[in-house]
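Dear colleague,

I am handing over the structure below, and after it I set out what was found. Please read the notes with the structure open beside them.

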Amino acid sequence: MDVQEHAEELGLDTRRDLQGVYRYYELAKRAEWQVRDLPWGDIPPIPEYSGPPQKLARRRDLWRSVITQQLQADELAVEMATQLFSIAPDREAKLYYTTMVQDESRHTEAWLQLIEEAGGMAERDPYLDQLAHMTLDADTLEEKVFLMQVFYERLIIPRFRMIARSSRGTVLEDLCNRLAIDDGIHHGAGMAYERVLLEGAGRKVQTRLIDAANRLLPLFAKHALWRPKAREFIGALMRETDIRMLHDDIENGVRLANSLGLDVGDIQLPV
Ligand SMILES: [Fe+2]
Ligand SMILES: [Fe+2]
């Protein structure tokens, strides 16, 4: 029996194209992994260096800071996934969101263990908390799916690849590679669902969504350019890269919105 027949047998809605979302439910279950599958104890948790103690301490603080930001993001992702699960009206989407809540919880669990092994939490990014709250407080499901799954989950993937590239042979690299795959699924499922949601939505819903995304941009820029104390010394070096990535992210967001049939119009770049 194929996925479509199986879904029909369960009495799921096959008229609207919720099949696409249902397929991600099946895919997510197959892709599930456990925190114990990571190579804990076999390889170092984070990159190891040699040199004077001061340099080693500074490097360690840098990695603690990187991990703290990811832990913070995944803790917030659990909240968002839980909210999506509870407000999504479609059965297929609800089934799918059960896997996303699970995924984000396991991501958080893995980061918690990793931050422990790396020497403990560092400074939180205040703008990330604000961004998450704006998303949690967004008025419509269309806005939430757009911000969380279409936008954030897409832009985090190249970040994971970047962290993995600079932490070869560590648990951190292994975890980032897994998260890049998981967030690829989260993003794909969000695109599939957003398409269905927007099909039935009027012009008003679209305009509200675009307004909400535009309101969020200045805060998003602050988050993208924020540097914790532990990474201030590379801040100046990284600022150009940060600005370039911010522009890429926004361009990507516009492209994704267009592909969903949204007319974004003029976007004011905050930087
Ligand atoms: Fe995650
Ligand atoms: Fe995710």
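Is D74 buried or exposed in this model, which, please keep in mind, is a predicted one? With a relative accessibility of 6%, D74 counts as buried, because the cut-off for that word is under 20% relative accessible area. E104, whose relative accessible area is 1%, is buried by that cut-off as well.

Both residues belong to a metal site. The iron ion (ligand 1) is held by D74 through OD, by E104 through OE and by H107 through ND1, at 2.0 to 2.2 Å, and along the sequence these donor residues follow the spacing D-x29-E-x2-H. The pair of D74 and E104 links distant parts of the chain, since D74 lies in helix α3 (residues 53-87) and E104 in helix α4 (residues 91-118), 30 residues apart. E104 also coordinates the iron ion (ligand 2), which is 3.4 Å from the iron ion (ligand 1).

Helix α4 is also in contact with helix α6 (residues 141-165), and here E104 appears again, as one of the α4 residues that meet α6, together with Y96, Y97, M100 and W111. On the α6 side, the residues are V145, M148, Q149, E153 and F160. By class, this contact has 7 nonpolar, 1 polar and 2 charged residues.

As for the geometry, the axes of α4 and α6 come within 15 Å and cross at roughly 40°, and the two helices are therefore oblique to each other. The crossing in which α4 passes α6 is left-handed.

With best wishes

Conventions:
Residues are numbered from 1 along each chain as its sequence is written. Chains are lettered from A and ligands numbered from 1 in the order in which they are written. This is a predicted model: local features need pLDDT of at least 70, side-chain atom pairs count only at pLDDT 80 or more; totals for chains, interfaces and linings use all residues. Side-chain values use heavy atoms; hydrogens and water are left out. Donors are N, O and S atoms within 2.8 Å of the metal (3.2 Å for Na, K and Ca); water is not among the atoms, so sites may look incomplete. Helices (H or I, at least four residues) and strands (E, at least two) are DSSP runs, numbered from the N terminus. Buried means under 20% relative accessible area, exposed over 50%, partly exposed in between (1.4 Å probe, protein chains only). Axes are lines fitted to C-alpha atoms, for helices over the stretch in contact, and angles run from 0 to 180 degrees between N-to-C directions. Angles under 35 degrees count as roughly parallel, over 145 as roughly antiparallel, 65 to 115 as roughly perpendicular and the rest as oblique. A crossing is left-handed if the near helix is turned anticlockwise from the far one by less than a right angle, and right-handed if clockwise. Contact means heavy atoms within 4.5 Å. Ala, Val, Leu, Ile, Met, Phe, Trp, Tyr, Cys and Pro count as nonpolar, Asp, Glu, Lys and Arg as charged, and the others, Gly among them, as polar.
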